[in-house]
Amino acid sequence: MGPLHCYSVLGRALFTAQHFEMNCRAIARFLCMREETTLHGSSVLDDPTFQKEMNKLWRKTLGVHVHDLTEQCVLSVDAAPIFKAAVEARNEIAHNVAMDISERLDSELDERLNYVLELVRKIAAADKVASAMIHLLKKD
């Protein structure tokens, strides 16, 4: 299969990374919305200033979200390093691994796929915690 198989694996790895990023954004937005509605009532949701803040929050990078969640003590001392490792793994996949696929890949395919798998496991570990946090925040 060669490079095509690697592209398939990489696509699934990027999907996992994106899922983790969306969960982190969801946590940040939920916490912001909860705080604002507690302070100003549910009418704040229709406030244009609040909506602009939500849009700004949406555009933040994964690294910024994880940094902010750590600084706000949303992530426990145990979870923060897991999330940081996931951010680094996501960046490695998105910025380095994806850029270095070529036809010469056949000879190193197994090694490369094992490396991507190792990175995905880091992301998945953090995503599992993020998913649990969302359920706890929503009281599911």
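## Helices α4 and α5

In this predicted model, α4 and α5 are oblique to each other, because their angle of about 135 degrees falls outside the ranges for roughly parallel, roughly perpendicular and roughly antiparallel, the last of which needs over 145. The two axes lie 8 Å apart. The crossing is left-handed. Helix α4 spans residues 79-97, and helix α5 spans residues 109-138.

The contact draws on many side chains. From α4 come Ala 79, Ile 82, Phe 83, Ala 85, Ala 86, Ala 89, Arg 90, Glu 92, Ile 93 and Val 97. They meet Arg 112, Tyr 115, Val 116, Leu 119, Val 120, Lys 122, Ile 123, Ala 125, Ala 126, Val 129, Ala 130 and Met 133 of α5. By class, this contact has 18 nonpolar and 4 charged residues, with no polar ones.

## Helices α3 and α4

Helix α4 also packs against α3. Here the angle is about 170 degrees, and the axes are 10 Å apart. That angle is over 145, so α3 runs roughly antiparallel to α4.

On the α3 side, the contact uses Leu 62, Gly 63, Val 66 and Thr 70. On the α4 side, it uses Ala 80, Phe 83, Lys 84, Val 87 and Arg 90. These residues split into 5 nonpolar, 2 polar and 2 charged. Phe 83 and Arg 90 of α4 are listed in the contact with α3, and also in the contact with α5.

## The largest pocket

The largest pocket has a volume of about 340 Å³. It is lined by 17 residues. Ala 28, Cys 32, Glu 35, Leu 57 and Gln 72 are the closest to its centre.

Three helices each supply at least two lining residues: α1 (3-40), α2 (48-59) and α3 (62-71). The lining is mixed in class, with 7 nonpolar, 3 polar and 7 charged residues. Helix α3 thus has two roles in this account: it contributes to the pocket lining, and it packs with α4.

## The chain as a whole

The chain holds 5 helices and 0 strands. Along the sequence, the pattern reads α-α-α-α-α. Taken along the principal axes, the C-alpha atoms fill a box of roughly 60 × 30 × 25 Å.

Technical notes
Residues are numbered from 1 along each chain as its sequence is written. This is a predicted model: local features need pLDDT of at least 70, side-chain atom pairs count only at pLDDT 80 or more; totals for chains, interfaces and linings use all residues. Side-chain values use heavy atoms; hydrogens and water are left out. On a 1 Å grid over the protein atoms alone, a cavity is a set of points where a 1.4 Å probe fits but cannot get out, and a pocket is an open set with protein on both sides within 12 Å along at least five of seven lines; lining residues have an atom within 4 Å of a point. Grid points are joined across faces, edges and corners, and a volume is the space filled by probe spheres set on the points. Helices (H or I, at least four residues) and strands (E, at least two) are DSSP runs, numbered from the N terminus. Ala, Val, Leu, Ile, Met, Phe, Trp, Tyr, Cys and Pro count as nonpolar, Asp, Glu, Lys and Arg as charged, and the others, Gly among them, as polar. Axes are lines fitted to C-alpha atoms, for helices over the stretch in contact, and angles run from 0 to 180 degrees between N-to-C directions. Angles under 35 degrees count as roughly parallel, over 145 as roughly antiparallel, 65 to 115 as roughly perpendicular and the rest as oblique. A crossing is left-handed if the near helix is turned anticlockwise from the far one by less than a right angle, and right-handed if clockwise. Contact means heavy atoms within 4.5 Å.
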